[in-house]
Amino acid sequence: MSYFRDNIERMVGYVPGEQPSDPEVVKLNTNENPYPPSERVLAALGSMNAEQLRRYPEPTAVMFRETAAKILGFSPEQIICGNGSDELLTMASRAFVGPQGLMAYPVPTYSLYRTLAHIEDAGFVEIPFGPDWSLPEELYSTGAKLTLLSNPNAPSGTMIEADEVAHLAKKLDGVLIVDEAYVDFAESNCLELVDKHKNVLILRTLSKGYSLAGLRFGYGIGNGKLIAGLNKVKDSYNCDAVSVMLASEAITDQEAMGENARKVKDERERLSERLRAVGFEVPESQANFLLARMPAECPLTAKQLYKKLKQHKVYVRYLEQTHLADCVRITVGRPEENGALLETMRQVGIEI
Ligand SMILES: Cc1ncc(COP(=O)(O)O)c(C=O)c1O
């Protein structure tokens, strides 16, 4: 006898990347930013008054919405905030899909999408990306209530250009989420779609570009009606007072974010070149990580490489997904961290 709904009993929960407590670990496994958050965030944190915490926070994170609206050129009514963009994904699957509804997305992608379908007891259509990670034709005609596109895609880092995403939005009957968690490391984005397509919801996060994965703050941008509907399923006080204040400071400092992103992008190019030079297949990434497929003549499998690196305190991600068994995903770190990765790869038998 189980106390759980059948779908919850059957499902396997989402497994996040490891968070080792050892400070010596070179941690390149969960796509965190290797640089600290903006000085403005640190200053605001230092000046916070505990008395502010006695009361409930303003329920819609209006301080952040007003700040972000100005920076991005939208109105505050077009923005909704969440406890990380993961919470906004949960809200969307609740609001748009529900039991017996259908979700669709190209794969391989962020594995939380499938978990959310399981939690809702919804159906899901997973369509393999085309060659070179192109958008598969079948995605246009699934009839899904919610289509999800991680763009840049995790874990490939590849990107679908905005005009193609617009074409997809136009063809779909349901909502299209463009999950832009990694967009701060990319050369383009899909914001221009928001005012042209009432079914488009862009999701963003402070976890990656703004170095605030521990803060848990994300936001969605869409048509006013879409946002108003989503607000109905939101928990009353889903964003706490501390996170709203710090996220508002962080997004104000576009310069600090841009500077860190530039450093990550430089290292991303250096690391991809080094990996490709010894036979790893690495798709062109516009994110802060690389998907590296093992060279044909390699003495190690991807899983062995992951394990051996871990023994040497270098953590990368091995994703137990069918099409990725011969790949590791490597977060781009600071130059010295990437150097340590390459040196450790040499030590475990890869001639790099
Ligand atoms: C594609 C994608 N979307 C969303 C998220 C969640 O980000 P957040 O930290 O804002 O919940 C992640 C986190 O790794 C991600 O890879």
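Here is a quick tour of the domains, the core, one helix and the ligand shell in this predicted model.

**Two domains**

The chain splits into two domains, and their centres, taken over C-alpha atoms, are 24 Å apart. Where they meet, 30 residues of domain 1 are in contact with 25 residues of domain 2. On the domain 1 side, helix 9 (254-277) and strand 9 (289-293) each supply at least two residues, with helix 9 giving the most, at seven residues.

Here is how two sets of residues break down by class:

| Set | Nonpolar | Polar | Charged |
|---|---|---|---|
| Side of domain 1 that touches domain 2 | 15 residues | ten residues | five residues |
| Shell around the ligand | four residues | seven residues | two residues |

**The core**

The largest nonpolar core has 99 residues, and Met103 and Ile177 touch the most other members. Domain 1 (6-36 + 255-347) and domain 2 (39-253) both contribute to this core, so it lies between them. Leaving aside residues up to four places away in sequence, Met103 touches nine residues named here in full: Ser93, Val97, Tyr113, Ala117, Ala122, Phe124, Ala144, Leu146 and Leu148.

**Helix 8**

Helix 8 (residues 241-252) runs for twelve residues and spans 17 Å from first C-alpha to last, close to the expected 16 Å. Because nine of those twelve residues are buried, helix 8 is largely enclosed by the rest of the structure. The buried ones include Ser243, Met245 and Glu249, and the buried residues pack against helix 2 (39-46) and helix 3 (62-72).

**The ligand**

Which residues are closest to the ligand? Of the 13 that surround it, they are Gly84, Ser85, Asp86, Thr205 and Ser207.

Technical notes: Residues are numbered from 1 along each chain as its sequence is written. This is a predicted model: local features need pLDDT of at least 70, side-chain atom pairs count only at pLDDT 80 or more; totals for chains, interfaces and linings use all residues. Helices (H or I, at least four residues) and strands (E, at least two) are DSSP runs, numbered from the N terminus. The expected span of a helix is 1.5 Å times one less than its number of residues. A residue is buried if 20 or more other C-beta atoms lie within 10 Å of its own, exposed if 12 or fewer, and partly exposed in between; C-beta atoms are placed from the backbone. Two residues are in contact if their C-beta atoms, placed from the backbone, lie within 7 Å. A residue is near a molecule or strand if its C-beta atom, placed from the backbone, lies within 6 Å of it. Ala, Val, Leu, Ile, Met, Phe, Trp, Tyr, Cys and Pro count as nonpolar, Asp, Glu, Lys and Arg as charged, and the others, Gly among them, as polar. A nonpolar core is a set of buried Ala, Val, Leu, Ile, Met, Phe, Trp, Tyr and Cys residues joined through C-beta atoms within 7 Å. Domain bounds come from an automatic or database domain assignment.
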